[in-house]
Structures are given as structure tokens and as C-alpha cells.
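Biologist: Please take a close look at one part of this model for me, the empty space inside it, and go through what surrounds that space step by step.

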Amino acid sequence: MRLNGRVAVVTGGGTGIGRATALALARAGAAGVVVGYARSAEDAATVVAEAEALGVPALARPADVGDDEAVRELAAATRARFGRVDILVNNAGTTRAVPDHDLEGLTDDVWQELLDVNVVGAFRCARALAPDLRAARGAIINVASVSGYRAGGSSIAYGVSKAALLQLTRNLASALAPEVRVNAVAPGTVATRWQTGLHGEQGFAARAREEREIVPLRATAGPEHVAQAVLGLLAMDMVTGEVVIVDGGKHVRY
């Protein structure tokens with residue numbers, strides 16, 4: 001698809017899926033890309049440089065989605081630079097690795113952090129940019145997870161937060177209609193720094209090898225594959241409230 005004239009905001013856009021999505025939007029001809037970040041300032045600056053090398057104006061802005069003021073400042077900075085917002089990709093997220101059997105390890109602080117960032121953070125961004133998205137007849141894509149469908153993942157709280165994000169997707173699809181379409185992608189295992197941070201380089205390589213034996217497509221997804229799904233949903237003018245699972249077909253064998 002071509003995004004000529006459209007401006008996109010990607011939260012958590014400095015690394016992994018966010019980076020791949022920001023650059024895919026740039027390659028698709030976006031008129032501007034805003035890279036929101038919480039900690040990865042250098043990575044975000046690199047993405048901006050890569051987007052601009054593709055001929056697309058870009059802006060990196062600190063935006064902790066757990067802070068409503070920071071989110072509204074991101075929205076204001078985007079308006080000041082580009083004058084419009086057509087696309088919001090809610091990619092920022094966090095987790096804590098807590099084994100499912102360790103119920104005591106899931107403290108109130110862990111629950112509050114994961115729900116605040118992964119669910120309320122996406123809502124804050126949608127709320128702050130809703131007037132712009134409505135005016136542009138734009139779209140929101142939420143980056144969820146297959147952990148929102150099944151038991152498993154880095155922790156119970158993470159899976160619950162992603163399930164809630166899927167429900168938020170459906171609710172926002174209704175609340176922002178007919179002007180704004182809202183959809184989600186739900187990645188399975190994706191080869192990113194997120195995974196190696198959880199499992200280590202060798203640990204993730206071993207897990208990925210084992211998974212490829214049972215995944216129908218016999219492959220491990222990269223962040224670019226999730227970005228493909230994001231752009232695909234952006235091109236579907238009559239689709240809203242839906243989720244695309246990106247896991248090589250593993251979910252059909254759960």
C-alpha cells in the first residue's frame with residue numbers, strides 16, 4: 001500500500017517491532033513518522049535517521065505511555081511538526097518474567113505496571129490523538145500478543161494485559177467509528193531484543209529451534225513480519241475491531 005500524505009505515530013518505535021513498523025511506514029511513502037520512546041533515545045534517533053534517509057521527515061519524542069502528560073506532549077509535538085495524525089501504532093509495552101506457578105511473585109506493583117503500560121497506555125494514546133485521527137479518518141493498530149489468547153508467555157499478568165488490549169481494540173473500534181478504524185496484531189514468538197532479554201541469546205535460539213519443529217510455516221517471525229501485518233490492516237478500509245495473529249500458524253495447533 002502507499003501512504004502518501006499520511007502521518008504516523010509509533011510508540012515504542014526505537015527497537016524491535018516498533019522500529020520495523022516505523023521504517024515500513026516510511027518505505028510505504030508516509031509523509032511523516034513520529035517515533036515515541038521511553039528509554040531508547042539513541043535507538044529512536046537511529047530510526048529517525050533511517051527514515052529520513054528514505055526521504056521521509058521523522059521526529060523522535062520521549063513518551064512514557066504510563067504518563068498521560070507525556071502522551072499529550074507527544075500528541076502536541078506531532079501536531080506542531082506535521083499538522084495532522086493519520087495513523088497510531090500502539091506498540092509500547094512492558095513485561096515482567098514471573099513463572100505461572102509463582103503467584104506470590106505477581107505483586108500488586110507488577111500488575112499495576114503491566115496493566116498501566118500495556119492497556120491504559122494504549123488508551124491514553126488513543127484518547128490524546130482521537131481528535132486528529134477522527135479529522136483524518138485515520139486508523140489505530142494495537143500490538144497485542146498471542147499471550148492474550150492462551151495461557152503462557154512471560155507472566156500471567158502479561159497475558160491478562162494483552163487480552164485486555166484485545167478487548168480495548170474492540171471497544172475503541174465501536175467508540176471511534178465511523179471515522180477511525182481500530183485493529184490489532186497479535187504476534188507469537190518474534191526474534192527481537194525483547195526475547196533475548198527474557199531468555200538470553202542461547203536460550204532464545206534453543207526455544208526458537210524447538211518451536212520451528214511444530215510451527216506450520218517452520219519459521220520464526222521477525223519484526224518485519226509483524227510490520228507487514230500492520231500495513232496490511234491499514235490497507236483494509238472495511239475492517240475494524242479485528243486481530244491478525246502473526247505466529248507462522250502455531251495457533252492452529254494449540
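**The second largest cavity and its surroundings**

Modeller: Helix α4 provides three residues to the lining of the second largest cavity, and that is the largest share. The model is a predicted one, and the volumes that follow are computed from it. Both α4 (108-136) and α5 (156-175) supply at least two residues each to this lining, which is made up of N90, A92, V117, N118, A122, V143, K162 and L165. Sorted by class, five of these residues are nonpolar, two are polar and one is charged. The space they enclose comes to about 30 Å³, and the model has two cavities of 30 Å³ or more.

The largest cavity has a volume of about 40 Å³, and its lining consists of G188, T189, E211, V215, A219, T220, A221, D247, G248 and K250. Here the classes divide into three nonpolar, four polar and three charged residues.

To return to the region around α4, the loop that runs between β4 (87-90) and α4 holds T95. The relative accessibility of T95 is 15%, and because buried means under 20%, T95 counts as buried. Its side chain is in polar contact with the side chain of S154, at 2.4 Å.

Strand β4 also leads to another element, for it is among the partners of the buried residues of α1, which pack against β1 (7-10), β2 (32-37), α2 (41-53), β4, β6 (181-187) and α8 (223-234). Helix α1 is mostly covered, with nine of its twelve residues buried, namely I17, G18, A20, T21, A22, L23, A24, L25 and A26. The length of α1 (residues 16-27) can be checked as well: at 1.5 Å a residue its twelve residues should span 16 Å, and the end C-alpha atoms lie 17 Å apart, so the two values agree. Just after α1 comes G29, which takes a positive phi of about 95°.

Open space can be set beside the enclosed space, and here the second largest pocket holds about 220 Å³. Its lining has 14 residues, and those nearest its centre are R6, A136, R137, G138 and R181. One of these, A136, falls within the range of α4 (108-136), the helix that also gives the second largest cavity the largest share of its lining. By class, the lining of this pocket has six nonpolar, one polar and seven charged residues, whereas the lining of the second largest cavity has five nonpolar, two polar and one charged.

How values were computed: Residues numbered from 1 in each chain as written. Predicted model: local features only at pLDDT ≥ 70, side-chain atom pairs only at ≥ 80, totals over all residues. Heavy atoms only, no water. 1 Å grid on protein atoms, 1.4 Å probe; cavity = no way out; pocket = protein on both sides within 12 Å on 5 of 7 lines; lining within 4 Å. Points joined across faces, edges and corners; volume = space filled by probe spheres on them. Nonpolar A, V, L, I, M, F, W, Y, C, P; charged D, E, K, R; others polar. Helix = DSSP H or I, 4+ residues; strand = E, 2+ residues; numbered from the N terminus. Buried < 20%, exposed > 50% of the residue type's maximum accessible area, 1.4 Å probe, protein only. Polar contact = N/O pair within 3.5 Å; in protein donor to acceptor, adjacent residues only side chain to side chain. Expected span 1.5 Å × (residues − 1). Contact = heavy atoms within 4.5 Å.
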